Amino acid sequence: MVLLAVLTGMAPRALAREAHAPLSLEEVLGSTREHHPRVDAAQRGVAAAEAEVLSAEGGFDPLVRARGLAVPFSYYPHERIEATVEQPTPLWGLRLSAGYRLGQGDFPVYYGQYETLSGGEVHAGVALPLWRDGAIDKRRAGLSQARLRQRIAAFELAGERLGVQRQAAYHYWDWVAAGRQLSIATAQHALAVARREQLARRVAAGDIPRIEHTENERVLLARDADRVAARRALEQAALKLSLYLRDARGEPQVVSSARLPDGLPLPEAALEAGLEEWLEQALHRRPELRGLELRREVLQVDAELARNQAAPAVDLGLRVARDVGQGPANLRPTELQASLTLDIPLFAREARGQRRAAEARQAAVDARARLARDEIVTEVRDTISALRAAYERVGLAQSAAEVARQLARAEYIRFEHGDTSLLVVNQREQAAVEAELVEVKALLEYQRAMVDLLAATVAIEPSGDERPRAP
């Protein structure tokens, strides 16, 4: 199927083509995928989500703290310099630190810990949360959620592309159908024009009454009006299509009628795949379902963080320090410190409230996901039904149009033999035109139904690679 190959995410072809080359659906969809404003807006959303990931990763950036203090006029004049580098890590909330400090001068006994040897003190330490902030903390939760939102934005982009492509395909087939309708109207008008001279000669020869020529003039005017209306419909369809057919700068391109294809393609075969196969494909590949799954994961992170924040904080710390240079002997040994900090929230109402809110929002997302699944199942069932019905209507319309054309030809032969009037011939020809228009409408409905089915079951990955495949 042509559309099945077109919607496979292939690289779009350039719009610069030979003026007489028929416009293909692939060209329209390729332009839409890359240059439509709605797609561009969704791409900006992806870029914003990527920036949010970068911002969340900044929570693990190293932090440098420095401080200097001088007390020149005091009973204990002294100077102090301190500098520390802290590095949070995603490994169970482990935090690393290293630093240097220098304390020189006179210090009271109660500030003796500020004094160092002449070369200062170098130190390093680690802090490890054993309970709260161990399995998860705000930094890791923020980063995880930012990455999930980045994937959500990618699915939103893919869904936006799919929706825009569906509309583009609709307008493309509308344009092709309008071109076919203009061809039918033009052919009928040309037939009446060619018949005018023939009838004038027959009236002059006394072969037929003048009223037959007058009847043809009436039909000629009516068919000319139909041709004008069909031309206007084609121009309107081309303008609507231009919103999806865009150049590299994103500007709409009004396509010339010279690029119309021969007509709407005929269905090759009836739909072979069963309902269950199409449903399975749709439920696994629709972007809105995948997006809802990711939104639930975002809320799951909120719930896990809230449960973690309600737990006691039990933090283990280790620190090693050594002074270098000249000074008191009691400052020379290497110092090792170990600490254990306990912090117990008595009520933890904030964390419990956040957990309940997250769980309630999860339930809401679950309800939306159930509704989305039901809507997708209904949509797939409806599009399959529409496609099969359209396929049957095409066959019936083709048969009806052929019979109507045969009757019109036979009636004109009778008119040439004087067995009927031109009024009856015109009625037969009008019936044939109406049957041909019904055939065009049936073919258009079939193409629209095919677009709907493939859009309902398209495969969309977070990378934006859309690859629909028939089951």
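**Aromatic pairs and charge–ring contacts**

Tyr111 is partly exposed, with 39% relative accessible area; this class lies between buried (under 20%) and exposed (over 50%), as assessed with a 1.4 Å probe on protein chains only. The model is predicted, and local features require pLDDT of at least 70, side-chain atom pairs pLDDT 80 or more, while totals for chains, interfaces and linings use all residues. Residues are numbered from 1 along each chain as its sequence is written, and side-chain values rest on heavy atoms, without hydrogens and water.

The search of the whole structure yielded 7 aromatic pairs, where rings of Phe, Tyr and Trp (its six-membered ring) pair if their centres lie within 6.5 Å, and planes under 30 degrees apart are stacked, over 60 edge-to-face and the rest tilted. One of these joins Tyr111 to Tyr114 in a tilted arrangement, with 5.4 Å from centre to centre and 45° between the planes. Tyr114 is partly exposed at 23% relative accessibility. Together with Tyr110, Tyr111 and Tyr114 make up one aromatic cluster. The ring of Tyr114 also lies beneath the charged end of Arg80, 3.7 Å from the ring centre; such a contact requires NZ of Lys or CZ of Arg within 6 Å of the ring centre and within 35 degrees of the ring normal.

The pair of Tyr391 and Tyr446 is tilted, because the ring centres are 6.4 Å apart and the planes stand at 50°. This pair links distant parts of the chain, 55 residues apart: Tyr391 belongs to helix α8 (residues 349–416) and Tyr446 to helix α9 (residues 422–456), helices being DSSP runs (H or I, at least four residues) numbered from the N terminus. Tyr391 is partly exposed at 31%, whereas Tyr446 is buried at 7%.

Definitions and conventions. Helices (H or I, at least four residues) and strands (E, at least two) are DSSP runs, numbered from the N terminus.
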